[in-house]
Amino acid sequence: MSSIVNGAGKVVDFVDQRITASNWLKRNIRKVFPDHWSFLLGEIALFSFIMILLSGVFLTLWFKPSMAHIAYEGAYLPMRDVGMSEAYATTLELSFEVRGGLLMRQVHHWGALIFLAAMSAHMLRVFFTGAFRKPREINWLIGVTLLVLGVAAGFTGYSLPDDLLSGTGLRIIEGGMLAIPIIGTYASSFLFGGEYPGDDIIARLYPMHILLIPGLILALVTAHLMILWYQKHTHWGGPGKTNHNVAGAPFYPIYVAKAGGFQFIVMGVIVLLAATIQINPVWLWGPYDPSVVSAGTQPDWYVGFLDGALRVMPAWEFYVFDHPVSLSVLIPAILLPGIILTPLALYPWLEQKATGDTREHHLLDRPRNVPVRTGIGVAFIVFYVLLWIAGGNDFFATILEIPVNWITWFIRIGIFVLPPLAFIATKRICLGLQRRDRDKVMHGRETGIVMVSPDGEFSELHAPLTQSQAYELTWHERQLPSDPGPATDANGIPNPNYRSKRVQARLSRFYFGDVVQKPTVEELEAAHHNGHGSDSAHRDELPSGQQ
Amino acid sequence: MPRSLPGRSRGSWIGRLLSSRRRHPLAAIAVLVAVLFTAGGAYAALAPSTTQNVQAASSTQIEEGRQLFAVGCSSCHGLNGEGQVQEDGEVLGPSLIGVGAASVDFQVGTGRMPLAAPSAQAERKPPSYNQRQIDSLSAFVASLAPGPAEPDEEWLDTSQGNVARGGELFRTNCSQCHNTTGQGGALTMGQFAPNLTGVEPKHIYEAMITGPQAMPVFNDNTVTPEDKRDIIAFLESVQNEPDPGGLAIGRAGPVAEGLWAWLVGIGLLIGMATWIVTRSSKA
């Protein structure tokens, strides 16, 4: 045993004398990471991506990205002699003839669904906790780019098998491109190598799917993690946890074990899904035929919102010099992604405008403490889910046994009405939670013990919070709406910056005008002075006049 | 007394079981199962058999059909199947002159007629008439004017069908509404293409030649009887095909898959993440 250790030591020493990594390692190997379940959502994405890469390599060994027309001669009897492309035929071969091929296909597909879902969940976590604030705006942008690349990777992969769903999806992409004024027809012709569907598209999507997009994702994931490593992880406030430190467990040995273990769990869950639940049974959909569009045709979930927008969009079209401008496709397929992605990418700067805050933030916000941001986030989720429902309108009409037209009209109206309602409701809930926190800090926790005084008055006993419990509720900063100041100074000279300051103040008031502030020291002392929150039993502060 | 013992003990064994176990939590379920078996068995034994009567329509059969029609159908379709239109123009029942025996056999045989209630589309339900009565009704309606007849047995024999060709035909002609595996789908204003799982070959054939409700007619010039047989063979093959990938989750495609990925996949992984961070981490 000791000889092995000595041997290993010699190898390590050999390497270290030449590249002197030990100093760097010593500093970094005990890097501290904080513990919270929501900090692992990004890891789910990372590990599922590794799983996709591994299973994808397996699939490339058999898959032929060729649109050459052949008659099927493989093992799946219900398709014998059916005309199809080589891409589809090799997908059938992978499913029915290659040992473990179907499992690998299912691992790849379930992995992709989990990858994108984990990225989305991770992004929502970062948004709701304010982890995108300075200095982490660059990582936010990288994250948004990764999400777009993930959708692109998923969509190109969905298109490769050349089954009926693949082709129908590509047809919609072609329709979207054609809707772009002036350059649409050229762009489509360029992508498909002539008239749709042509014989090129699969061979063109293939290098994008297996090389270009995964390469970009890998590079950006590396940058994402290096920046995270350099900037250190954010954490929740609490006793001993401040804006200037990171409290948690060291990378080695704790996080090596935890993250390593979690990697196997993520991979295990994906393989479990792949081994037990059938996904994308392309042999049931049939080979692609441009003349066939099946009922129940859907994209994978991450494209569902775009499909939904297309489905509920009214058929608006007008002509400019005899050229049609199809708003019914242009708006949902081309403009909508931009309408969603631009504010998403720019959100950190938008919020900075409201706060006017240029300091660094390493402490996370509890979602309730920034009610407007939380409200915006929930409104976006509602908007997105409504488009999801629209994307499955036929599915839901069948399941719920209601006319599909009802769903269309519900979405058309709901898409404008429900997100603002969700915003208001969420903001009110946040304010209510803040008010409860404030009451707890000032008067203690409700014990549920009701006392009857000798003169017959009922009151509930409040138990004071411990020092650390109270700190958990009050460590966040007080954020007051900013004041633009007077338009003119004492001498009647107009302030040249007044206009922009007033805009900033309005935004600030929108964000922080209603926030329930944590109690000040004076308020806290006054509350405690009245006997509230003290150790002895006390009466509740009813204005009964009998105290 | 010794002589009566074995008999008594046998009787008391059942009696003891019944009395001592009558408050057992599963007793109610056991009774329910027993009653259901009895009722189901009695129904199977007593219900009229549905063996097909293939003899040519005789005048007595037409007469029997006329009487059944007058009782069960004429209130909407008129005494002579001429249909009824209300004064405000609302069609109470369409004219049945020339719809043919196939149409009657499909509509009544799948329980769509008589209608339970006016709605966007007639629903499939257990038929109200037995096959002999349906044949009489068909004979009566066919006697009004010539129309599509019920298919010959030859075209319903799926063992002679070509599944691969049927699949191509089904995808080209039918999947737009019924989905590639015949799962059905939504149409406009509450109409729908029904799920074809478990539908009798004869009824699928009749639907193609008569075009019930929202469905178009696929006559023998567009889709030949051989084509129809292939389509039926394909549907039968798809229904009986195992799912090599595991749970089929309704064979419903990406919507169901997305729900599973979010609810089960991400749900399970978040549960695991929560478990991992609660493990002690002493460095």
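I will talk about the contact between chains A and B, then a kinked helix in chain A, and finally the two domains of chain B. Please keep in mind throughout that this is a predicted model.

Let me begin with the interface, where 59 residues of chain A are in contact with 52 residues of chain B, contact here being counted when C-beta atoms placed from the backbone lie within 7 Å. On the chain A side, the elements that each supply at least two residues are α5 (101-128), α7 (164-178), β4 (249-250), α10 (251-276), α11 (282-285), α12 (301-312), α15 (393-400) and α16. Among these, α10(A) gives the most, with ten residues. If we sort the side of chain A that touches chain B by residue class, we find 38 nonpolar, 14 polar and seven charged residues.

One of those contributing elements, α16 of chain A, deserves a second look, since helix α16, which covers residues 404-443, carries a kink of about 55° centred on A:G414. Just after α16(A) comes another glycine, A:G444, and this residue takes a positive phi of about 90°.

Turning now to chain B, the domain assignment gives domain 1 as 56-147 and domain 2 as 151-241, and the centres of these two domains of chain B, taken over C-alpha atoms, are separated by 23 Å. Where the domains meet, 13 residues of domain 1 of chain B are in contact with 13 residues of domain 2 of chain B. On the domain 1 side of that contact, the residues divide into five nonpolar, six polar and two charged.

Technical notes: Residues numbered from 1 in each chain as written. Chains lettered and ligands numbered in written order. Predicted model: local features only at pLDDT ≥ 70, side-chain atom pairs only at ≥ 80, totals over all residues. Bend = angle between axes of the 7 residues up to and from the residue. Helix = DSSP H or I, 4+ residues; strand = E, 2+ residues; numbered from the N terminus. Nonpolar A, V, L, I, M, F, W, Y, C, P; charged D, E, K, R; others polar. Domains from an automatic or database assignment.
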